[in-house]
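Me: I'm new to reading protein models, and I'd like a close look at one part: the empty space shut inside. Could you start there and then walk me outwards through the rest?

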Amino acid sequence: MIKKTCVALACSTLLAGTALAADSIKVGMMTTLSGPGAGLGIDIRDGFNLALKHLDGKIGGLNTEVITADDAQNPETAKQITERFVKRDKVDIATGVVFSNLMLAVGPAFFASETFYISANAGPSQYAGAECNPFFFNVAWQNDNLHEAMGKHVQDKGYKKVALIAPNYPAGKDALTGFKRFYQGAVAEEVYTKLGQLDYAAEIAQIRASGADALYIFLPGGMGINFIKQYSQSGMLKRTPLFAPGFSGDEDVVKAVGPAMEGTFNTSHWYREMDNPVNQRFVADFQKDFGRLPTLYASQGYDAAMLMDAAVKAVGGKIEDKAAFGKALATVKAPSTRGEYRFGNNHYPIQAYYLREVVKNADGSVSNKFVGKVMDEHVDAYAKDCKM
């Protein structure tokens with residue numbers, strides 16, 4: 001696949017002199033808008049649309065049509081939407097997938113059609129390593145990364161015996177692999193649940209019996225909300241402290257769980273207080289337009305649109321020149337909510353990761369607060385296997 005794709009890109013270079021600037025661009029936004037993971041997809045969509053608003057409705061100065069579809073967190077549905085995007089709608093760029101099992105299901109069709117995919121979330125290890133592809137870019141992180149950062153933090157804090165829990169799907173396995181890459185203590189329990197599971201009585205009993213002195217969870221969306229509520233109600237939160245990646249401790253989860261989350265920690269590549277003009281505008285306008293605090297998912301949707309915009313501008317609108325457009329995506333310095341980042345050889349970001357704590361505000365509400373930097377210029381573990 002990669003060899004064929006590279007040949008296609010080389011051929012595009014031969015035609016570069018005759019490529020004409022497009023007068024419009026079509027983006028396929030396929031994300032999860034229903035079911036337990038809906039909040040994540042909604043935030044990606046809203047962040048992307050806010051960026052488009054800031055760009056006066058145009059990506060790279062071109063008239064822009066965004067076609068939005070709900071994958072319902074179902075691989076077969078996602079495949080059907082992908083076929084429609086590629087064959088009927090003929091989108092120029094696609095984005096939006098939340099869950100890595102869906103990304104792995106639809107990636108081959110996008111790549112075979114030479115449709116650039118800008119991931120605003122899903123970052124499977126496969127596409128970071130041996131199956132990396134010139135048509136795939138990720139503006140968020142590789143699946144392991146936030147977990148690696150928390151593994152380092154928990155290790156540095158001296159916890160000796162940690163229980164781990166994640167859904168049984170590709171990102172869940174990447175998550176715990178990443179955590180264990182930097183946490184060197186004992187693993188009391190390593191529990192994999194059903195994707196979309198909402199009742200955790202059995203798992204909490206298992207963690208209680210394990211004798212763990214800390215718990216690390218990766219349970220995105222409604223899964224995390226339900227788990228943390230049940231974990232707190234069981235009394236375990238006070239007994240065995242909980243740590244999470246940003247997406248299991250983000251503002252959607254914090255708002256839903258409430259004060260019980262005070263004092264828990266999570267890791268992220270972005271935090272709301274980041275002092276740069278792009279982020280300040282993003283945070284203020286997201287709250288104004290949507291009436292809620294932005295999450296890292298929203299920031300990633302925003303950054304995906306900003307990367308598209310910068311790359312289209314860099315090629316003067318000549319998006320049909322796929323070699324030039326791919327090079328622009330890989331090298332352009334796009335405005336970003338997180339500040340400056342760069343792509344590695346596998347098109348995954350090389351960037352810093354931070355620790356956040358859920359704190360109580362003056363009005364009694366709880367939200368995330370920046371604590372400090374955990375990692376800087378971090379490169380994912382799979383980049384060495386990418387031969388691009």
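Reply: Sure, let's start inside. The largest cavity holds about 100 Å³ of space, and keep in mind as we go that this is a predicted model. How many cavities of 30 Å³ or more does the count come to? The count comes to one.

Now look at what surrounds that space. The largest cavity is lined by 14 residues, and those closest to its centre are N121, W141, Y169, A171 and F218. Sorted by class, the lining has nine nonpolar residues and five polar ones, with no charged residues.

Keep a finger on A171, since we can use it as a marker. Take V86, which sits in helix α3, residues 75–89. Along the sequence, V86 and A171 are 85 residues apart, and in space their C-alpha atoms are 25 Å apart. So what does V86 touch, once you leave aside its neighbours within four places in sequence? V86 is in contact with A109, F110, S113 and T115.

Next, the open kind of space. The largest pocket takes in about 260 Å³. Its lining is made of 13 residues, and E251, D252, K255, R292 and L293 are the closest to its centre. Two elements give two or more residues to this lining, namely α2 (38–54) and α11 (251–257). Which of them gives the largest share? That is α11, with four residues. The classes in the pocket lining come out as three nonpolar, five polar and five charged. Put that beside the lining of the largest cavity, which has no charged residues.

With the spaces done, let's see how some helices pack. Helix α6 covers residues 145–156 and helix α7 covers residues 170–182, and the two pack at an angle of about 35° with their axes 7 Å apart. The crossing of α6 past α7 is right-handed. On the α6 side you'll find H147, E148, M150, G151, K152, V154 and Q155, and they meet A175, G178, F179, R181 and F182 of α7. This contact is a mix: five nonpolar, four polar and three charged residues.

Move along to helix α8 (residues 201–210) and helix α9 (residues 222–233). Their axes are 10 Å apart and the packing angle is about 50°. That angle makes α8 oblique to α9. Here too, for α8 and α9, the crossing is right-handed. The touching residues are A201, I204 and I207 from α8, plus F227, Q230 and Y231 from α9. By class, the contact of α8 with α9 has five nonpolar residues, one polar and no charged.

One more pair to go. Helix α13 (residues 296–314) and helix α14 (residues 322–331) have axes that come within 8 Å and cross at roughly 130°. Are they parallel or oblique to each other? With that crossing angle, α13 and α14 are therefore oblique. Their crossing is right-handed. From α13, the contact uses L307, A311, V312 and A314, while α14 brings F325, A328 and L329. Check the classes and you get seven nonpolar residues, no polar and no charged.

To tie it together, go back to your cavity. Its lining has nine nonpolar and five polar residues, while the largest pocket has five charged residues in its lining. Among the helix contacts, α6 with α7 includes three charged residues, whereas α13 with α14 has none. If you're turning the model on screen, try finding W141 and Y169, two of the residues closest to the centre of the cavity, and then swing round to E251 and R292, which are among those closest to the centre of the pocket.

Key
Residues are numbered from 1 along each chain as its sequence is written. This is a predicted model: local features need pLDDT of at least 70, side-chain atom pairs count only at pLDDT 80 or more; totals for chains, interfaces and linings use all residues. Side-chain values use heavy atoms; hydrogens and water are left out. Axes are lines fitted to C-alpha atoms, for helices over the stretch in contact, and angles run from 0 to 180 degrees between N-to-C directions. Angles under 35 degrees count as roughly parallel, over 145 as roughly antiparallel, 65 to 115 as roughly perpendicular and the rest as oblique. A crossing is left-handed if the near helix is turned anticlockwise from the far one by less than a right angle, and right-handed if clockwise. Contact means heavy atoms within 4.5 Å. Ala, Val, Leu, Ile, Met, Phe, Trp, Tyr, Cys and Pro count as nonpolar, Asp, Glu, Lys and Arg as charged, and the others, Gly among them, as polar. On a 1 Å grid over the protein atoms alone, a cavity is a set of points where a 1.4 Å probe fits but cannot get out, and a pocket is an open set with protein on both sides within 12 Å along at least five of seven lines; lining residues have an atom within 4 Å of a point. Grid points are joined across faces, edges and corners, and a volume is the space filled by probe spheres set on the points.
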